[in-house]
Amino acid sequence: MKSLNILGIGRNTVTVMDLAEDCGFAIKSLLHYNDDRTGEYYFGHEIKGSFQYLNDRDSLEGEFFALSMGDLAIRERLYTMIVQKGGTVPALVHPSCVISRRCEIGDGVQIMPGSIVQGDSRIGDNTVITVNSVIAHSATVGANCLISGNVMIGAYSDIGNNTHIGQGATVVSGKVKHIGNHCILGAGSPLLEDMPDYTIYAGCPAKFLKNLSR
């Protein structure tokens, strides 16, 4: 059985622990962002150190990692560092998911229980799809994205990188061709139009709220 290190000890970490074990991995260690919690136990596993573990090693070859933090910028930075040092961030797909043999799943992707990814769709590296979400056929989700629970991404929709789709949101097939990079779609919002880069949309239906700083 392969073992992995889980980075980022917070409210979501227990779900990543469950996912890793359900995918056949043992948990080697937990690493917090700093040393304040070193020596504590979290659901029976010791927090053995901090992210400094990555900086202290010239090579991470042969080691496996999973990221559990929700901050997309931090996830991207750590993922890039691990890969550049030869470490592996494996895709973790829960056995209850329905995943087409005709889709593409990138490295470091996490797909939580009950989700569906249909054929001719693509999920970029280091993206998280949480519980009971659907990526319809011929849709694309970019790298470093967060697709929250009970989301419906409609067919032929293209989502850029570093974008967060809020819980229960719907990207409507035939209405949305493109959601840009670094966007946020609010929880529960049905989206009927394209979203430019660095924008927040929310409401029913979703409308432009504001631009995000670059």
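How many nonpolar, polar and charged residues does the lining of the largest pocket have? In this predicted model, that lining divides by class into five nonpolar, three polar and two charged residues. The space in the largest pocket comes to about 150 Å³, and the residues that line the pocket are Asp71, Leu72, Ala73, Glu76, Asn162, His164, His182, Cys183, Ile184 and Leu212. Helix α3, which covers residues 72–84, supplies the largest share of this lining, with three residues.

One of the lining residues, Ile184, leads from the pocket into the strands. Strand β21 (residues 184–185) pairs with strand β23 (residues 199–202) in the parallel sense, and two bridges join them; isoleucine 184 has isoleucine 200 in β23 as its bridge partner. On from there, β23 also pairs with strand β24 (residues 207–211), this time in the antiparallel sense and over four bridges, with asparagine 211 in β24 as the bridge partner of threonine 199. Together β23 and β24 make a hairpin in which four residues lie between the two strands, and glycine 203 in the turn has a positive phi of about 115°.

These strands belong to an open sheet of eight, which runs in the order β6-β9-β12-β15-β18-β21-β23-β24 and has mixed pairing. At its edges stand β6 (92–93) and β24, and each of them has a single partner strand, so one side of each is left without a neighbour in the sheet. Elsewhere in that order, strand β15 (residues 146–147) and strand β18 (residues 164–165) pair in the parallel sense over two bridges, where isoleucine 147 is matched with its bridge partner, isoleucine 165 in β18. The pocket can be linked to this part of the sheet as well, as His164 is among its lining residues.

Besides the pocket, the structure holds one cavity of 30 Å³ or more. About 40 Å³ of space lies in the largest cavity, and its lining consists of Phe65, Ala66, Leu67, Arg75, Val89, Pro90, Leu92, Gly108, Val109, Gln110 and Asn126. Which strand gives the most to this lining? Strand β5 (residues 65–67) does, with three residues. By class, the lining of the largest cavity has seven nonpolar residues, three polar residues and one charged residue. Leu92 is one of the residues that line the cavity, and β6 (92–93), where the sheet has one of its edges, is the strand that holds this residue.

Methods. Residues are numbered from 1 along each chain as its sequence is written. This is a predicted model: local features need pLDDT of at least 70, side-chain atom pairs count only at pLDDT 80 or more; totals for chains, interfaces and linings use all residues. Side-chain values use heavy atoms; hydrogens and water are left out. On a 1 Å grid over the protein atoms alone, a cavity is a set of points where a 1.4 Å probe fits but cannot get out, and a pocket is an open set with protein on both sides within 12 Å along at least five of seven lines; lining residues have an atom within 4 Å of a point. Grid points are joined across faces, edges and corners, and a volume is the space filled by probe spheres set on the points. Ala, Val, Leu, Ile, Met, Phe, Trp, Tyr, Cys and Pro count as nonpolar, Asp, Glu, Lys and Arg as charged, and the others, Gly among them, as polar. Two strands pair if DSSP finds at least two bridges between them.
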